[in-house]
Amino acid sequence: MKKLFLLLILVISSNFHALSVTQNYKPNSDPFTNYDYLWNYFDRHYSLFDAKQINWDSLYPVYRNMITATTNDEQLFDIMSGLLSNLNDNHVNLRYGNNKFNAGILQRLEMQDFSLDVIKNKYLKEYKTKLNRDEGRSLLQYGRLDDSTGYIHISGFNGVDEITKAMDEILEEFKNMKQIIVDVRSNGGGDDKVANTIANRFAAEKRLFMTTRIRYGISHTDFSTLKYWYTKPEGKTQFLKPVILLTHRHSISAAENFTLAMRTLDNVTILGDTTSGAFSDRDTENLPNGWQFTISYKLFSDQNGICFEGIGLAPDISKLNTKEDIAKERDMVLEYAIGYLNMGTSNSKTYHATVPSKESIAEIILSSGNSTNTNDLMSSLKTKLSENPDRYYLNDDEMREAAFMFMFMGKPSDAAEVLKFNNEINTNSFYYYSLEYLRLLIINDIKSAELVFNEAVQSKISDFLIKEGTVNNIGYFFMNAGMLDRAIEVFKAGTLTFPDSFNVYDSLGEAYMKLGNKELAKKNYEKSLELNPENENARTMLEKLK
């Protein structure tokens with residue numbers, strides 16, 4: 001299926017769990033099979049059993065015993081929803097037709113304590129927007145509350161380049177303001193890297209604010225190595241004068257991780273209500289019957305190693321609006337924030353971190369860019385890790401991102417060296433097979449890649465560490481670079497690894513079509529259409545090949 005080269009960015013910003021889902025167009029509707037698939041997938045991938053002290057094993061028979069051979073779809077949906085409700089997780093969803101179940105509290109909570117229209121119409125002296133979206137909302141809405149107080153509402157954290165540029169422009173407008181109120185009420189989240197980058201506009205120094213780990217392995221406590229997240233001065237200028245951050249129960253996901261970052265800054269006070277309590281990134285998967293579900297697969301903790309999943313972040317100052325306040329077009333939380341700032345009350349909190357800070361090897365590699373010979377750099381970094389293990393860290397997910405960034409820069413050999421470096425050091429990593437598989441595809445050693453995949457299958461870990469979207473995007477890199485022979489070999493490897501994926505056959509058909517081999521293009525488009533009769537792209541291409 002036709003993809004642009006820029007889709008590699010999706011790979012860079014994702015992880016192995018979320019790259020792609022191999023579609024199965026021959027659904028299995030057996031209720032026992034689908035229940036077991038759901039329970040087992042969460043058993044192997046869900047990241048928060050230990051953090052929330054959930055005995056997942058004990059729940060298996062409770063809900064499975066409700067199923068019979070005559071259980072229909074509606075009954076099965078209710079049984080599965082009951083199972084998932086024990087997770088108390090706003091990032092866990094189950095979808096079937098028009099039915100949707102959310103395992104957290106937000107689906108059952110109507111937002112009655114906030115209205116952006118009230119702020120826009122009653123409080124702002126001027127109203128401006130940036131990054132307007134088609135659905136009629138803007139990512140950034142801002143203006144002056146009075147001559148000394150600026151206001152910024154952030155509705156989501158998306159599009160790192162455009163939103164940071166827009167924030168820099170707003171902060172330039174607000175540079176003479178005495179204080180700013182940043183509002184993430186009714187913020188549905190987005191990209192944690194975007195949230196981090198915006199928080200950096202208010203930072204005076206580098207501080208650890210969060211660590212993340214990816215769940216993998218058989219045990220519920222099996223995780224990847226830590227990834228360290230820092231606030232640090234970034235952008236043309238930093239606003240270091242007093243800031244109040246407004247939060248409430250509908251501040252979720254990346255908005256909460258933004259709050260984790262902002263709460264470490266001396267000039268920031270958190271005011272409002274406790275956040276949602278759903279920090280983790282989530283993946284989307286399909287059941288054998290075609291139903292879709294989402295799952296939390298990362299463990300987020302603050303700089304002291306504390307996880308707030310299912311709890312949320314309490315504000316420094318608790319203040320809530322009522323439904324009646326909003327009906328009267330009053331935002332008492334905002335009014336309190338303005339009064340608090342105008343009183344000039346100093347923030348007495350002190351930053352404290354018990355998790356030791358470390359420097360990222362992947363960031364060092366990326367920051368070196370074209371200035372250093374890759375082999376020399378890898379050699380020096382091995383020495384750094386060996387001699388200073390308490391100062392540096394190596395994270396599989398970050399190294400994969402670094403490798404794909406080199407791919408995006410048109411440097412596949414450097415990408416392969418990054419993966420090789422990681423695998424030589426992290427020999428016991430649960431990611432070893434998947435990263436080695438990717439490395440071999442990049443250097444066009446297809447036979448060895450197939451051997452690695454088969455070994456991974458025997459180790460029973462390939463089902464969630466190697467995804468067809470990764471393979472497909474590598475193939476498109478080579479195809480867009482004009483290296484059709486290498487692209488075809490990668491796509492062929494994809495068809496062997498993922499024989500039920502219509503997408504890789506579609507991609508292989510496209511590569512053969514570009515090569516001028518109409519016979520093989522037709523053969524692969526026909527196979528893609530066989531696997532997915534709804535693939536209109538394959539149908540269109542077959543018409544052109546007649």
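**View 1. Helices α8 and α9 pack side by side.** Let's start with helix α8 (residues 192–199) and helix α9 (residues 254–262), whose axes lie 9 Å apart at an angle of about 30°. This is a predicted model in which local features need pLDDT of at least 70 and side-chain atom pairs count only at pLDDT 80 or more, while totals for chains, interfaces and linings use all residues. Residues are numbered from 1 along each chain as its sequence is written, and side-chain values use heavy atoms, with hydrogens and water left out. Helices (H or I, at least four residues) and strands (E, at least two) are DSSP runs, numbered from the N terminus. Axes are lines fitted to C-alpha atoms, for helices over the stretch in contact, and angles run from 0 to 180 degrees between N-to-C directions.

The two helices, α8 and α9, are therefore roughly parallel (angles under 35 degrees count as roughly parallel, over 145 as roughly antiparallel, 65 to 115 as roughly perpendicular and the rest as oblique). The crossing of α8 past α9 is right-handed, the term for a near helix turned clockwise from the far one by less than a right angle (anticlockwise would be left-handed). On the α8 side, the contact (heavy atoms within 4.5 Å) uses Asp-192, Ala-195, Ile-198 and Ala-199, and on the α9 side Ala-254, Asn-257, Phe-258, Ala-261 and Met-262. Sorted by type, the residues of this α8–α9 contact are seven nonpolar, one polar and one charged. Here Ala, Val, Leu, Ile, Met, Phe, Trp, Tyr, Cys and Pro count as nonpolar, Asp, Glu, Lys and Arg as charged, and the others, Gly among them, as polar.

**View 2. A three-stranded sheet ends at β13.** This open sheet runs in the order β8-β7-β13, with antiparallel pairing; two strands pair if DSSP finds at least two bridges between them. At the edges sit β8 (227–231) and β13, each pairing on one side only. On average, neighbouring strands of this sheet are turned by 25° against each other, direction ignored. Strand β7 (residues 207–214) pairs with β13 over five bridges, in the antiparallel sense, and Thr-211 has Ser-301 as its bridge partner in β13.

Strand β13 (residues 298–302) is mostly covered, with five of its five residues buried (under 20% relative accessible area, against over 50% for exposed and in between for partly exposed, using a 1.4 Å probe and protein chains only). Lys-298, Phe-300 and Asp-302 are on one side of β13 and Leu-299 and Ser-301 on the other, and all are buried. Helix α9 turns up here too, lying across β7, β8 and β13 and running at about 145° to β7.

**View 3. A seven-stranded sheet has β9 on the inside.** The order of this open sheet is β3-β4-β5-β6-β9-β10-β14, and its pairing is mixed. Its edge strands are β3 (128–132) and β14 (317–318), which each pair on one side only. Helix α9 packs on this sheet as well, touching β5 (149–154), β6 (179–183), β9 (243–247) and β10, with its direction at about 150° to that of β9.

Five of the five residues of β9 are buried, so the rest of the structure largely encloses this strand. From β9, Val-243, Leu-245 and Thr-247 point one way and Ile-244 and Leu-246 the other. β9 pairs with β6 in the parallel sense over four bridges, and it is joined to β10 by five bridges, also running parallel. Leu-245 is a handy landmark: Val-182 stands opposite it, and Ile-270 is its bridge partner in β10. Farther along, strand β10 (residues 268–272) runs parallel to β14, joined by two bridges, with Leu-271 partnered by Ile-317.

**View 4. Helices α2 and α5 meet.** Helix α2 (residues 31–45) and helix α5 (residues 73–85) cross at roughly 20°, and their axes come within 11 Å. That makes α2 roughly parallel to α5, and the crossing is right-handed. Pro-31, Asn-34, Tyr-35, Leu-38, Trp-39 and Phe-42 of α2 meet Leu-76, Ile-79, Met-80, Leu-83 and Leu-84 of α5. The residues of this α2–α5 contact are 10 nonpolar, one polar and no charged.

**View 5. Ala-353 sits in a loop.** This residue, Ala-353, is found between α11 (332–342) and β15 (359–360). Ala-353 is partly exposed, with a relative accessible area of 32%. Leaving aside residues up to four places away in sequence, Ala-353 touches Gln-303 and Asn-304.
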